[in-house]
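Visitor: I should like to go through the aromatic rings of this model and learn how each term applied to them is justified. Where shall we begin?

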Amino acid sequence: MAVLPCSCSRNSGNKNTATNLFEQGMRQFDADSLVEAFNSFLMAKTLAAENNSPNDEFEASVYLALLYEYMGHSDSAYLQLKRLPYIEIEDSNPNIQERHYSNQYYWRLMGLYSYKIDNNCEQALQFYDKAIDLSTRLYPNDTIFVYTDLANKADILRAQGNHKQAWEIIDFLENAPLLQYGMYRSQAHYVRGWLLYEQGDLDGAYQAWEEDEKYCELNNMYENQIVELSMLAHIDSLRRDIDNYFVHNSRYHQLYQQLRGTETNYHIAMVQEQNKLFLERQAHLRQRTIFWLSAALLCIVILALLGLIYYLRKSAQTRHRLASLEKEQLDSKIERQRLEHELMELRMRQSQEELDRANKDNIALSLQIAEMPEDGERDKYLQAFEQQLRKTESALFRTLMERYPQLTQNDLRLIGMLQLGMTAQEIRSLLNITPDSLKKNRYRLRKKLGLATEQNLEEFFKSIKSTSN
């Protein structure tokens, strides 16, 4: 879903207050210096809480949540907002450069996470209605915000099954005069594609998603683009269009790896900025200690013996504090080394995942080829497919056969296809069985594995793989 960024800086004074830190963060946010902005907002929120300044704390917390969302940490963003008491900030100055839009972002993000994390469509619609009402009331000339929230609302209506209202919104947005900032247009194309797909119009959905790619790249709508590339590859597979399938599938994996690497780098940078903030506060504490030491030395000169006793006492306290600071610095160094080690392990895992993905792509290609011969040749291709599958998921099959010796070859074949992420239609097509037969096979498999009704079969295989590696 779309979370509209904006340019919204103010002039600030010279004092190092929570408001000034927030304004500094806004300037860094506008300049796309997200890590520096994160540090400024974090300090502003901390200082606002210490000085009992709820308005500054609210605005800094909302923008921290927005940065968490940009960096791929939706759970952290939602946690920020759920613990945050809502405050309506006076933001009606006609000069657009004076606006922060904190209240608007609050309702938009709450709507996004109610839908995305809590899967609560009704509550999400209420939040988006509040965002639309706020935009209409406070920013009547900023149509782009209303259009963005309407596009997000249409997506939720679609997910809720209310296609009629969703179509009304999408038709309105696509027929309205095009605004300069077109993120809402990308979201509208994205929802249109899903509406057509769910109505069975694969050609229309395919065209809508292909047209949306230029809007996605222009407005950095990478999450929508990943979903669209995945669906385009899926439709290519249904059409047996191998050339376009590999084009869309390759672009999907390339963009996925790019976003994952960016999120990892942002996460490390955020941890480093938090550590930097901690060290700065410790440096401030050290400066205060030095100040009191100077005062103690002055007292020695003026008060003689009393000053000497005071100095010795403060010296002992200072040594203890310095020792604590050195220990904290050592702990910080160890933590940085640990993060570097985790990053190295992550890169190694990514390399392994790329190898596994290449193997699975080869298997997927074997599956498409295996569907082409007549029935008399099907067994030969199916056996070759199973042998390749056993090599790719050898650890999983070995563990399953050890723990569940009652599993048959047909059970293991079904497990392998589920591991490839194949749809029910693809499995039925390959095995040449009816939908009822597939349901019975899955039921018997769950019974042999001793799974409860609510336990997910694919999640169970993932847990087996993690323990067998």
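Guide: We begin with a term: a residue is called buried if its relative accessible area is under 20%. The model is a predicted one. In it, tyrosine 106 is buried, as is tryptophan 107.

Visitor: What makes tryptophan 194 buried?

Guide: Its relative accessible area is 15%, and the limit is under 20%; tryptophan 194 therefore counts as buried.

Visitor: Why is tryptophan 209 counted as buried?

Guide: Tryptophan 209 has a relative accessibility of 0%, which is under 20%, so the term applies.

Visitor: Why is the pair of tryptophan 194 and tryptophan 209 called edge-to-face?

Guide: The ring centres are 5.3 Å apart, and a pair requires centres within 6.5 Å. The planes meet at 75 degrees; an angle over 60 counts as edge-to-face, so the name follows.

Visitor: Which parts does this pair tie together?

Guide: Tryptophan 194 belongs to helix H9 (residues 183-198) and tryptophan 209 to helix H10 (residues 202-219), so the pair links parts 15 residues apart in sequence.

Visitor: What makes tyrosine 106 and tryptophan 107 an edge-to-face pair?

Guide: Their centres are 5.0 Å apart, with 80 degrees between the planes. The distance is within 6.5 Å and the angle over 60, so both conditions are met. By this rule the count comes to 22 aromatic pairs.

Visitor: How do you know that lysine 82 sits over the ring of tyrosine 78?

Guide: The charged end of lysine 82 is 4.5 Å from the ring centre of tyrosine 78, and the distance limit is within 6 Å. Arginine 239 likewise lies over the face of tyrosine 206, at 4.5 Å from the ring centre.

Notes
Residues numbered from 1 in each chain as written. Predicted model: local features only at pLDDT ≥ 70, side-chain atom pairs only at ≥ 80, totals over all residues. Heavy atoms only, no water. Phe/Tyr/Trp six-rings, centres within 6.5 Å; stacked < 30°, edge-to-face > 60°. Buried < 20%, exposed > 50% of the residue type's maximum accessible area, 1.4 Å probe, protein only. Helix = DSSP H or I, 4+ residues; strand = E, 2+ residues; numbered from the N terminus. Lys NZ or Arg CZ within 6 Å of the ring centre and 35° of its normal.
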